Amino acid sequence: MGLINFVDYLIYYMQYNFIDIEKKWQEYWAKEKTFQVFEDKSKEKFYVLDMFPYPSGSGLHVGHPLGYIASDIYARYKKHKDFNVLHPMGYDSFGLPTEQYAIETGIHPKIATEKNSNRYREQLDKLGFSFDWSREIKTSDPNYYKWTQWIFKQLFNSYYCNVEDKALPVTKLIKEFERNGNSYTNVVCSDNTLFFSSIDWLGFSDEKKQEILLSYRLAYLSESMVNWCPELGTVLANDEVKDGRSERGGFLVEQKKMKQWSLRITAYADRLNEDLNQLDWSDSLKEMQRNWIGKSKGVSMKFSIENNEVIEVFTTRPDTLYGVSFLVLSPEHKLVDSLISKEKEKYVADYLSISKLKSERERQSEKKISGVFTGSYAIHPFTKTKVEIWIADYVLASYGTGAVMAVPCGDQRDWLFAKHYNIEILNIFKGIDISEAAYEGKDAIICNSEFLDGLNCLEAIDYSISKIVKLGIGEEKINYRLRDAVFSRQRYWGEPFPVYYKNNIPHIVKNDGPVTLPEIDKYLPTESGDPPLARANKTDWNIFEGERMDTNIMPGWAGSSWYFLRFMDANNENEFVSRKKSDYWGQVDLYIGGAEHAVGHLLYSRFWTKFLYDRGFISFEEPFKKLINQGMILGRSNFVYRLKGSNTFVTKSLKNNYDTSRMHVDIDLAENDYLDIPRFKKWRNEFLDAEFILEEDGKYKCGFEVEKMSKSKYNTQTPDVLVEKYGADTLRLYEMFLGPLEQFKPWDVNGISGVHNFLRKIWRHIHNDENQISLTSEVPSEESLKTLHKTIKKVDEDIQRFSFNTVVSTMMICLNELIDQKCKNKEIFSDFIILLSPYAPHFTEEIWQKMGNTSSLSTVKFPQYKSEYLIENEINYPVSFNGKMRFKVSLPASMSIKDIEVYILKHEKTIHYISSAEPKRIIIVPQKIINIVI
C-alpha cells in the first residue's frame, strides 16, 4: 500500500471506525448486562420472540438474521417507549442433521451441538442484538428437557372431558370408572374402546386397567401408519418427506404400521380452529391452519357387503347418495384383505406395494389416476343395487373412516377415476350436463333420487341426513382432517421418554429427575431394527425402572412447543415456569419467524398451551398474540454444465449444443459469473483433471438463478465477511432496506455500500476534522424542526406497523434535508440519533456518548412529534400537462381551489405550455397536484 493510499485508509477509518466502535459497545452491553430484564409491575410488559434457530454446522448466513434484526428493532423501540421488554434467545438444539453427522464421524451429537451453538452465539453477538442472554436455553440441555418430559407426564396423566371441554387429571376418570364404569362418560377416547361396568372395572387386574386407560390418555400408545425411512432408521413427519424420499439425505421412505406414542391433539381440534379468530395473524396463515385442521360437517353411514361386514363412509354431501356408483377404500383399510377376490390378488398386491412408498402428502397431491378393483361389491343402502369396491391411495386411512362413497357426477376426482376405469356415471342433477366434467356446485335440483327428487341440494342435504339417522344406517357427524400427532422417533439425539415397561404396559418413571440420554457405541438402529437407544445396557441409563426403558425419543417439535414459557423463568429448578412469572409476561406479544412453520410448530405449540391452560399451570390459552412471517432472502446461485458421463464442462453459451447436466457451484468460485477455473479444480478432488469448453474470449461463463439460499446450493453469504467489511450496523440497516419484511427478496451486496455511506455521511456531518462532535446549542430553525418532527411521526408510525424498510429511507431523506439546511443543532441530532438507534445501535451509542451523555442510549425515551411543526404554510405543487409534470410552483396552503386555478392559468409557464390551445379540464387535488388537460 502506497503512502497516500495508507493515509486515505487511516482517514477513512478515523472518521468512523466501526470495528472498534462495535467491539466496544458489545463488550459494554455484556459487562453492564444492559438487556437483562426482570418483572416490573410499574411498567407495561412487552414480550418479543424469534423462532429460535437450529444450530447447524454451517452457522448463520445473511438470510437468517432478517427476522432477528426486525425483532431487535422492535424490542429496542418498545424499550425506548418505556415498556419492560423481554427479548430472549436460545437454540432448538435437538435434530436429525447433528445425529447424521455423528453417524458419519463418530463425534457425539452433544459435542457438535455445543460447537455449533458457540458459533451461532459468536455470530449473533457481532450483530448487536439486545437479547437477554441470562435466559439462554438449549432444548438438548437436560435441565431444559427435564421439563419437556414433565409436560409429557402431565399429558399421560390427563384425559379430555367433552362435557367441560377441557383436559382433566386421569384420576378423576378412574373415580368415574369406579362409580359407574364407562357407560355414561362423555370423553375423548380411541375408537376400539369397550364398554364396562363399575363392577367390571373393580374386577380388572392392574395391567388391564392400565391397558384400558391408554385409550383415554392424551399421550397414548397405538399402532399407526407412519413415514418409515429404513436408511435413517426412523419415522419422519410429513414435512420431512419430499417426493417419496427423506428431505435429509434423499433416502427412500415407505408407509409402515408401527406402535408409536401419539398425542391426542384431535381432542382440541375445534378449539384450535375457533380460537384462530382471536389472533392477530395474517389471513393466509390462519387459512393454512384451518385447512390443516379441516373441519367438515356431514354424515357417517354404512354400506353392507356380501361377507356380512360393513363399510362405514363419511360424506359432507349425503344429497348425492343416489349418485354413488362405487366405493373406494384406502390401501390400509382393515377390510382390504377380506375383500380381495382370488382373481384380483396379484393386481391388489402390486398396487399396495407401490402405494406403500408414498407419503400421505404425496398421495393427496398426486395427479396420476391409480386404483385397483377388489372383485367385491357393497350393497347400496337405499337402491339395494351392487356397488363395486375399489382401492385407491388418494383415500387416507387416517381421515374419516378410510373409505369414501364415490359420486362421479358430483366430484371431479371421482369423475376422472370413473372415466379412467370405465365405471358407470349416474346423473342426479336435473338439467346439468356431466359429459365433460362433474358438477360440484350446490345450486342444482336433485333428480333420479326417489325421496330427494325435486329438492335443491341444500334442502336435500338436511333431509337425507334426517332419513339416514331415522333408518339407523348412519349418524350426523363433524369430522376433522387433523390427526393425532405421532410423537415417537427412532433416533438417538432427542428427548428420551420418562417411561418404563412392565409386562409391555407403559408406566411413568417415579423419579423427578430427567431421564438423560445414555452413552451408546453407535448412533444407528440395532441389527434387529430397534432404535439406537436399545443399544444401551441397564447400567447406561441414569434412571432405570421396570423391565425395560422406552427406547424411542420425542420428535424435534417437543422442545419448541413450550420454549416461550421457559424463557420467562429459564433458571427455575423447581418448576417449568413459576405461575407468578407466566402471569406477568403472559402471551408473546410479537413472534417473528419463517412461514415454513405455519402448520407444524405453531399448531403443536397452540395445542400444548391450551393443555397447560386446562390443567391450571398457566393463565392463557394461546401462545402468540401477534405473528409475522418474514420473507426469505434468496440467494443468487451459479451453475456449471457438465457433459453427461464425463469430466468436461461446457460454458453457458454453448451448453445447448451438448447433452449436459446442470450442477451448482460455490458462488465464491465465480466472480461476475466467470468461473475461476484453477480454484474450481481444487474445490473437489474429482475436478482436478476437469476439462473445459470455453467462450471465444477463453473464459468459462457460469449460469445463474435466484433461488432459496442454502448450503446445498453453495449460494450462502455469511454475515461475518460483511460485518468485517462494513460493520454490523450497516448490515442491520441494509437487510431492512431490502424491502418489506414479509416479502421474498433476492440478496445483492451491490447496494450495501450506499447504506454504509449513509452512516459515514452522518458521522462526517456532525464531527469536525479532529473527529470530535461539532454541534451547536443554538435554537434550531423552524425549517429543521419541521424536518425532524415529520420524521419522528413517520418513523414512529412505520415501526408500529412493522414497515421497517421505509424507516431507513425516511431517515436518509431527513439527513439530506438537514444537511441542505446546514443544520448542526445538538437538539435536532440528539433526537435523530434516538430515532436511528434501534437500527444502528453501536453507531448511535457511540455518538450519544460523544455528545456528553453518560447513560446507555437504550434507556432514553423515544422522541414525540409536535403537531405544530407539521403544519405546512406553503405547498410545493407539481404542475402537469396531460399527466406529464413540467414545473413546480409554491402556493399558500390555505389557497382555495378557485384561486389556485386563476393563478396557475395566468402563470407564464402555463401560457408557454398551452400555447394557443384551450384547456379542457383543470384537476386540482388540494395540497397534492395540479393537472391541466389540453
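This section describes a strand pair with its crossover, then the salt bridges of the structure. The model is predicted.

Strand β21 spans residues 590-594. It pairs with strand β22 in the parallel sense. The pairing runs over 4 bridges. Within this pair, I592 stands opposite I628 of β22. The connection between the two strands passes through helix α20, residues 600-614. The resulting β-α-β crossover is right-handed.

Strand β22 covers residues 627-630. In a regular strand, side chains alternate between the two faces of the sheet. Here L627 and N629 lie on one side. I628 and Q630 lie on the other. All four residues are buried, and both faces of β22 are thus covered.

Helix α20 also takes part in a salt bridge. R606 of α20 and E622 meet through their side chains, with an N to O distance of 2.8 Å. E622 lies in the loop between α20 and β22, so the contact ties together parts that are 16 residues apart in sequence. Both partners fall under the 20% cut-off for burial. E622 counts as buried because its relative accessibility is 2%. R606 is buried as well, with a relative accessible area of 0%. R606 and E622 further belong to a network of salt bridges. The other members of this network are R271, D275, K610, D614 and E621.

Across the whole structure, the search finds 40 salt bridges. One of them, reported here for its span in sequence, joins R119 and D720. The closest N and O atoms of this pair are 3.0 Å apart. R119 lies in helix α5 (residues 109-126) and D720 in helix α22 (residues 719-726), so the salt bridge ties together parts that are 601 residues apart in sequence. R119 has a relative accessible area of 27% and is therefore partly exposed.

A further salt bridge links two loops. The side chains of D659 and K644 meet at 3.5 Å, N to O. D659 lies in the loop between β24 (648-650) and β25 (660-665). K644 lies in the loop between β23 (633-643) and β24. The pair therefore ties together parts that are 15 residues apart in sequence. D659 and K644 are both exposed, whereas E622 is buried and R606 is buried.

How values were computed:
Residues are numbered from 1 along each chain as its sequence is written. This is a predicted model: local features need pLDDT of at least 70, side-chain atom pairs count only at pLDDT 80 or more; totals for chains, interfaces and linings use all residues. Side-chain values use heavy atoms; hydrogens and water are left out. Buried means under 20% relative accessible area, exposed over 50%, partly exposed in between (1.4 Å probe, protein chains only). Two strands pair if DSSP finds at least two bridges between them. A crossover is right-handed if, with the strands pointing away from the viewer, the path from the first strand over the helix to the second runs clockwise. A salt bridge is a side-chain nitrogen of Lys or Arg within 4 Å of a carboxyl oxygen of Asp or Glu.
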